[in-house]
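Reader: Please choose one part of this model and look at it closely. I would like its partners, its charged pairs and its exposure.

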Amino acid sequence: MTSPGHPVAGLARFAGLAAEQKSQDVTDWAARIGWIVGLLLVIALVYWLMREGWKWRGTLQGDLPEPPRAPAEPGDPELSMSGRYHGSTTAGQWLDRIVAHGLGTRSRAELTLTDRGVHVVRPGARDFFIPAAQLRGARLDKGIAGKVLAEGGLLVITWQLGEKLIDSGFRSDHAAEHPAWVDALSSADNDQNHPSNQTEGAER
C-alpha cells in the first residue's frame, strides 16, 4: 500500500484531477452549444411569427388600392428632399402600420413636390406618387410605424388612398428642410379643399 506522500499516489491524484477537469470542460461546451442552438431557435421562431404577422396584415389590407404611378410629365419641381422613408400608417394611429403595396418597407427616399403632387422615389423599394388632389396636409411629428425620433424630427404627409386616410413618415438628411414642406403641403391641401378662395381672389 502506498502512502499519500508517495510519488505514485501524487501522480494518480494529478491524473484524477486532470480527468475531472477534462470532463468539466466537455460538459461546459455541451451546455454552451445547447444554449446557442436554443437561442437560434427562439430567434428563428420570432422571425417566422413577425413574417406571418406581416403577411396577415397585408391580407387584411388587400382592399387598399395600389398607389398611383407618377405621371409621364410630373411638372416643375417646387421642393426636393433626400432622406429616409420610415413607413405609413392609418392616419392618426402611428402604430397601425400599412404594409400593402410595399408601403411597409423602410428605405432611402427622394421626394419631389410639383404642382401635380409628391413623387417618392425609393431605391430598392417600390416608388409611389401622391397626386395633389389626394394630399390632406403635413405636420412635424416624432414617431410613426414604431419608429421614434426626436421631437419634430419626422415629416408626416397625410394623404387619401381610396377610402383610407394615410400618414406617411419621412426624415430628411437635413431636418431644417421639414418646415418648408409642411408649409407647402398645407397650402396645397388648402387650395384643393377650398378652390373658391382662388376664384374669389381672381374676382377681386
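Author: A residue is buried with under 20% relative accessible area, exposed with over 50%, and partly exposed in between, using a 1.4 Å probe and protein chains only. The areas come from the Shrake-Rupley method with that 1.4 Å probe, and for residues only the protein chains shown count as cover. This is a predicted model, where local features need pLDDT of at least 70 and side-chain atom pairs count only at pLDDT 80 or more, while totals for chains, interfaces and linings use all residues. Residues are numbered from 1 along each chain as its sequence is written, and side-chain values use heavy atoms, with hydrogens and water left out.

The part I choose is strand E10, residues 164-172. First, its setting. The chain has three helices and 10 strands. Helices (H or I, at least four residues) and strands (E, at least two) are DSSP runs, numbered from the N terminus. Along the sequence the order is α-β-β-β-β-β-β-β-β-β-β-α-α. Of the 204 residues, 29% are buried. Take contacts, meaning heavy atoms within 4.5 Å. Among those between residues at least 6 apart in sequence, 60% join residues at least 24 apart.

Now the partners. Two strands pair if DSSP finds at least two bridges between them. E10 pairs with E1 (residues 79-90) in the antiparallel sense, over seven bridges. In that pairing Arg-84 faces Arg-171 of E10. E10 also pairs with E9 (residues 154-161), again antiparallel and over seven bridges. There Leu-155 is opposite Phe-170 of E10. E9 and E10 make a hairpin, with two residues between the strands. Gly-162 sits in that turn and has a positive phi of about 65°. In a regular strand, side chains alternate between the two faces of the sheet.

Next, the charged pairs. A salt bridge puts a side-chain nitrogen of Lys or Arg within 4 Å of a carboxyl oxygen of Asp or Glu. The whole structure holds six. One of them starts in E10: Asp-167 bridges to Arg-139, with the closest N and O atoms 3.1 Å apart. The two ends come from distant parts of the chain, since Arg-139 is in strand E6 (residues 135-141) and Asp-167 in E10, 28 residues apart. Their exposure is not alike. Asp-167 counts as buried because its relative accessibility is 2%. Arg-139 is partly exposed at 32%.

Just past the strand comes another bridge. Asp-173 meets Arg-108, N to O, at 2.9 Å. Asp-173 belongs to the loop between E10 and helix H2 (178-193), whereas Arg-108 is in strand E3 (residues 107-114), 65 residues away. Asp-173 has a relative accessible area of 43%, so it is partly exposed. Arg-108 is at 35%, so it too counts as partly exposed.

For comparison, look elsewhere. Lys-142 and Glu-151 form a salt bridge at 3.9 Å, N to O. Lys-142 is partly exposed, at 40%. Glu-151 reaches 65% and therefore counts as exposed. Glu-66, Arg-69 and Arg-126 are joined in a network of salt bridges.

To recap E10: the strand has antiparallel partners in E1 and E9. Its Asp-167 is a buried member of a salt bridge with Arg-139.
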